[in-house]
Amino acid sequence: MKLSNQVTDSENRIEIPMSVPMPPLEIAILDVGHGNCSIVYDGQAHMIVDVAQELTALADLQQMQCTDIGNLVLSHADADHIRGAAALLAHPDIRVGNLWVNPDPTKISELFLDLMYAAQDYHSEGRLGVFTNLNVGANPSLSAGRVGVEIVHPGIAYAISGQSNAKRPQGSISSNGMSAVLRVSLDGERAVLLPGDLDDKGLTAILDSGRDISAPVLVFPHHGGRSGASDEAEFARRLCMAVRPRLVIFSHGRNVFRNPRVDIVAGIASSGVEVQLVCTQLSKACHALEERLIPGHLLNRPAKGKPSGSCCAGSIVIRLIDGEIVWEPSIDGHSKFVDLIESPLCRRMMSEK
C-alpha cells in the first residue's frame with residue numbers, strides 16, 4: 001500500500017514514495033468461557049459473530065482501537081451466543097452498523113426479547129440496520145474490503161421453512177438446525193468456518209447441497225458438547241471430513257460441562273484428517289486438579305480465563321501471512337503447556353487414531 005502523496009527532494013526533484021502499514025487483517029476467536037465470540041478485523045471491526053458475553057469483546061475492541069462494528073451477526077438465539085449482544089448495541093462508545101439475526105418463533109427468553117426490542121428501537125432511531133435474512137440468499141452482503149464472508153447455511157428451503165415441528169420434507173427443524181454457518185476468507189484465502197451450533201440435520205442439508213465448506217480452521221459447534229445427533233462421533237467425523245481443517249477450536253468454559261466430549265474427539269480422530277485440537281479454556285476432562293498451571297504461551301489479548309488461570313489456548317488469532325493461514329498461540333508454545341496437563345484428551349485420543 002502506498003501513500004497517494006509523495007515526498008519530493010526539493011533539489012533533485014526525486015519523488016520518494018512513502019509506505020504505510022496495512023491495517024490489521026485477522027480473526028480473533030475470543031476466550032469468552034462457555035460460548036462463542038469471533039471478531040473479524042480489517043482495520044476496524046468488519047464483523048462480530050456471536051457475543052456470549054460483552055466484556056471480553058469490548059476489551060478486545062478497545063485494545064485494537066476499534067469503535068465501529070460493521071456487522072453484528074448472531075448465528076442463532078441461544079444464550080451462549082447472544083448474551084452480550086444487547087449490551088454491545090447499547091454501549092455509548094461503540095457504533096454497530098448492522099444487526100443480522102434470523103427470526104426464531106421458538107425462543108421467548110428474556111435475553112432474546114431484550115435484543116428484539118432494542119433492535120427495534122435503534123432501527124426506528126436510524127442508528128441500526130437490521131436484517132432478518134441470514135441465509136444463502138443474502139450472499140455476498142457480508143463481504144467487503146479484504147474480508148469475504150459466505151453464508152453456507154441455512155439454505156433457501158430451510159430459510160423459508162424456519163424452525164418448526166411440522167411434518168415437512170426435511171422433518172422438524174430446531175433452532176440449532178437453523179444456526180447460521182459462515183465461512184470467512186482473508187484477502188481471498190479461506191480461513192475459518194464458524195458453524196454456530198449446527199446440528200446433524202443441518203450438516204446433512206449442507207452436504208446434500210454439494211456446497212464446499214472446506215477451511216483451514218474450524219470452530220467446532222456446540223463447544224464440543226452434544227449436537228443432538230444419534231451418533232456424536234459420526235457427526236464429528238462427517239463434519240471434519242467435509243471441512244478438512246488443520247486446526248479445530250473448542251470454545252468452552254472450564255467450569256461448564258466437561259467439553260470436549262470423548263466421542264467428539266474420537267470422531268475427529270477417525271476422520272483421517274491431520275489436525276491440531278485446541279480449547280480456549282482448560283477442560284476438567286483433561287485436568288481435574290485445581291492447582292494453577294503457569295501458561296507462558298498466551299497472547300496479549302483479552303481472555304476470560306486469564307484471571308482465574310483457566311485458559312488452555314486462551315484467545316486465538318488467525319491471520320494471512322505470505323499467502324498462508326496461520327494462527328497464534330503457536331503449535332510449539334501451546335504444546336509445551338499441554339505437557340503440564342494431567343491427561344490431555346487431544347493427545348490421548350488423537351494418538352490412538
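**Close-up 1. Strands S3, S15 and S16 in the predicted model.** In this predicted model, strand S3 (residues 25-29) and strand S15 (residues 316-321) run antiparallel and are joined by four bridges. Within this pairing, Glu26 stands opposite Arg319 in S15. Strand S15 is also joined to strand S16 (residues 324-328), again in an antiparallel arrangement, here by five bridges, and Ile321 stands opposite Glu324 in S16. The hairpin that S15 and S16 make has two residues between the strands, and in this hairpin Asp322 takes a positive phi near 50 degrees.

**Close-up 2. Asp212 and its two arginine partners.** Asp212 forms a salt bridge with Arg183, and the closest N and O atoms of this pair are 3.8 Å apart. The two residues come from distant parts of the chain, 29 residues apart, since Asp212 lies in the loop between helix H6 (200-209) and strand S12 (217-219), whereas Arg183 belongs to strand S10 (residues 181-186). Arg183 has a relative accessibility of 6% and therefore counts as buried, because the limit for a buried residue is under 20%. Asp212 itself, with a relative accessible area of 34%, is partly exposed. Asp212 forms a salt bridge with Arg190 as well, and for this pair the closest N and O atoms are 2.8 Å apart. This pair too links distant parts of the chain, with Asp212 in the loop between H6 and S12 and Arg190 in strand S11 (residues 189-194), 22 residues apart. Arg190, at 36% relative accessibility, counts as partly exposed.

**Close-up 3. A salt bridge between two helices, and a network elsewhere.** The side chains of Asp200 and Arg238 meet in a salt bridge, with a distance of 2.9 Å from N to O. Asp200 sits in helix H6 and Arg238 in helix H7, so that the pair, 38 residues apart, links distant parts of the chain. Asp200 has a relative accessibility of 26% and so counts as partly exposed. A further group of residues, Glu26, Asp60, Arg301, Arg319 and Glu328, is joined into one network by salt bridges that share partners. For the model, the count comes to 15 salt bridges.

**Close-up 4. Glu234 in helix H7.** Glu234 lies in helix H7, which covers residues 232-243. Is this residue, Glu234, buried or partly exposed? At 31% relative accessibility, Glu234 counts as partly exposed, because values from 20% to 50% fall between the limits for buried and exposed residues. Although Glu234 and Gly267 are 33 residues apart along the chain, their C-alpha atoms are separated by 5.8 Å.

**Close-up 5. The largest pocket and its lining.** The largest pocket has a volume of about 220 Å³. Its lining consists of 13 residues, and the closest of these to the centre of the pocket are Val101, Pro103, Phe112, Met116 and Thr132. Strand S7 (95-101) and helix H4 (110-124) each supply at least two residues of this lining, and H4 gives the most, with five residues. Sorted by the character of their side chains, the lining residues of the largest pocket divide into nine nonpolar, two polar and two charged.

Note on methods:
Residues numbered from 1 in each chain as written. Predicted model: local features only at pLDDT ≥ 70, side-chain atom pairs only at ≥ 80, totals over all residues. Heavy atoms only, no water. Buried < 20%, exposed > 50% of the residue type's maximum accessible area, 1.4 Å probe, protein only. Salt bridge = Lys/Arg side-chain N within 4 Å of Asp/Glu carboxyl O. 1 Å grid on protein atoms, 1.4 Å probe; cavity = no way out; pocket = protein on both sides within 12 Å on 5 of 7 lines; lining within 4 Å. Points joined across faces, edges and corners; volume = space filled by probe spheres on them. Nonpolar A, V, L, I, M, F, W, Y, C, P; charged D, E, K, R; others polar. Pairing = 2+ DSSP bridges.
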